[in-house]
Amino acid sequence: MARHPRSRGTPKGKPAVKLALIIGAAAMVAVPLVVSAALRTRRNFTVTDPGIRGGPADAGGPIPGLNSEETTTFNDGSTNFTTVFAVPQGLGPQFDENQCSSCHIQPAVGGSGPAAPATNPLFSVYQLDGATNTMPSFESTTGPILVPRFPYMSDLKTPDDTVHQLFTITGRSDATGCSIQQPNFTQAESENNIAYHQPLPTFGDGFLEFIENSTLTANMTTECASQSTYGICGTASISGHDGSVNRLGWKAQWRGLNFASGEEMNVQMGVTNEYFPAELNQTTGCDFNPVPESATNFSNSIPEDQFTGDPERLAIFMRFLAPPTPAKFNSQATTGQTEFNTIGCQLCHTESFTTPTSPFPAMSQKTITPYTDLLLHHMGNCLADGVTMGAAAGDMFRTPALWGAGKRMFFLHDGRTSDLLTAILDHSDTYCTGGLGKTGYQASEADIVISNFEGLSPQYQQDILDFIRSL
Ligand code: HEC
Ligand code: HEC
């Protein structure tokens, strides 16, 4: 397996971790970023993210083995996921986009966004149908789709943490008489009171939704047992409703897909529904429809699979959306996977879980490989966004799944980079590439593992990137 020296001068046979711990400790005290960058290019070998994997999407289809009714409902849900909403169908008064698939499209419907090569879809919607919105300066035509949250209210003391929708329906030809302002994003930026979240892919989410709580907490116990060596011990985001483990969203704020779909409809598009029946903005003259705008269809002429409101149909589509298919690993990717496990990445990015017995045979007792523990971790000042959501403090994020990472365009919660190496280094304040965004939070739980990564030879680091781009 060892095609090339594993670490900078590691004596043969010594575990990389031990040496790296020493390097890591030294680096935390004295070694500035420039030095580690220089080390990465030693022996004229530059560690480079190979970029988005070519070839077929390797995602977007239904789980193999669905029966014909399940497949029909999956296909119908897919239509809902791509339906464009205007004001008569419920768009607004405030919104970010008019279609789920605007933001969830890379590399196929249901994914993250925007579609490669990056063309930010917000630019096609903000002045659609006469709307008079201005585009906030943090969005760019070739950048990630950024949905803003304000950590605090305007007094900068009272917690807010909610999404402040980018746009309003003011000026649209289907919203005559409505006049409301966009939030003041420039002020929020100048007060450092804004955080950005990019879309997460939904492939394989049905499997993640169904993993038993006990499976996740047993894995947490194993993970935390290694805390003295690695400094890692995840936190389960326990639902205040039934005590189960919330697991979807950057901050593990959602337990399952029905509720998440209802919330996304209302938050991203302003479409009220049976989960979230109230308009978020109730300014007189701006609410045009009876609420909830998307509701159960009580009519004999409606086909059975369209009886429910949109959130249920959207959730069924995502529940039956297959996990991404990895590429066949070449020898670099195979070595990279071994190194990924050896240096400790897998402690948070847990390779596999098995689902319980399910009423959907295609999802029953399946072993999946999402590369996430679905737990929250303290990630340091480099990543902290100051947003509190449930159990997640301002420096905590749920480990994102790495399946499909080979096709991802932007990484990390705020889409700050397209470069895998930057995404990895930003796990640690010591190696943070772009400056610390926040101050005062505890050290990242990933510090030791990222030091281990830095302790690897450039070739092994490259193998890890190749492995991730194969997923
Ligand atoms: C304006 C862009 C945008 C639109 C439109 C949008 N989303 Fe999202 N979606 C996001 C963002 C941003 C996140 C991450 C939210 C967070 O955790 O803060 C997300 C996360 C999700 C997740 C969680 C995925 C996971 O595995 O954790 C689901 C499910 C989801 N969206 C479903 C939908 C559905 C269904 C629709 C249509 C009703 C929709 N989204 C419309 C931006 C969007
Ligand atoms: C302490 C837990 C932890 C460890 C250890 C860890 N990660 Fe992560 N990883 C996370 C979290 C949490 C995020 C999301 C952070 C954010 O978006 O702010 C993340 C994000 C990522 C991403 C970006 C994924 C995306 O969807 O944007 C990649 C790639 C990644 N990690 C790879 C690695 C590799 C490689 C290692 C080992 C060198 C590693 N991680 C070690 C927790 C961890």
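**Exercise 1.** In this predicted model, work out which helices and which strand each supply at least two residues of the shell around ligand 2, and then describe the residues of that shell by type.

*Solution.* Begin with the secondary structure: the elements that each supply at least two residues of the shell are helix H12 (331-343), helix H13 (345-348), strand E10 (396-398), helix H14 (420-425), helix H15 (447-455) and helix H16 (458-470). Next, sort the shell residues by type, which gives 20 nonpolar, 5 polar and 3 charged. Then ask which of the 28 residues around ligand 2 come nearest, and the list is Cys345, Cys348, His349, His413 and His427. Finally, place the ligand in the protein, where the space taken by ligand 2 is the second largest cavity.

**Exercise 2.** Find the distances that separate oxygen atoms of ligand 2 from Arg408, Leu412 and His413.

*Solution.* Take the side chains to start with: an N or O atom of the Arg408 side chain lies 2.9 Å from an oxygen atom of ligand 2, and for the side chain of His413 the corresponding distance is 2.6 Å. Then turn to the backbone, where a polar atom of Leu412 is 2.7 Å from an oxygen atom of the ligand.

**Exercise 3.** Determine how the lining of the largest pocket is made up, and which domains it draws on.

*Solution.* The largest pocket holds about 510 Å³ of space, and among its 25 lining residues Gln253, Trp254, Phe259, Glu263 and Met389 lie nearest its centre. Sorted by type, the lining comprises 9 nonpolar, 12 polar and 4 charged residues. Helix H10 (257-269) and strand E5 (237-238) each supply at least two residues, with H10 giving the most, 3 residues. At the domain level, at least three residues come from each of domain 1 (16-56 + 212-246 + 329-470) and domain 2 (63-211 + 257-323).

Notes: Residues numbered from 1 in each chain as written. Chains lettered and ligands numbered in written order. Predicted model: local features only at pLDDT ≥ 70, side-chain atom pairs only at ≥ 80, totals over all residues. Heavy atoms only, no water. Near = heavy atom within 4 Å. Polar contact = N/O pair within 3.5 Å; in protein donor to acceptor, adjacent residues only side chain to side chain. 1 Å grid on protein atoms, 1.4 Å probe; cavity = no way out; pocket = protein on both sides within 12 Å on 5 of 7 lines; lining within 4 Å. Sits in = over half its atoms within 2 Å of the grid points. Helix = DSSP H or I, 4+ residues; strand = E, 2+ residues; numbered from the N terminus. Nonpolar A, V, L, I, M, F, W, Y, C, P; charged D, E, K, R; others polar. Points joined across faces, edges and corners; volume = space filled by probe spheres on them. Domains from an automatic or database assignment.
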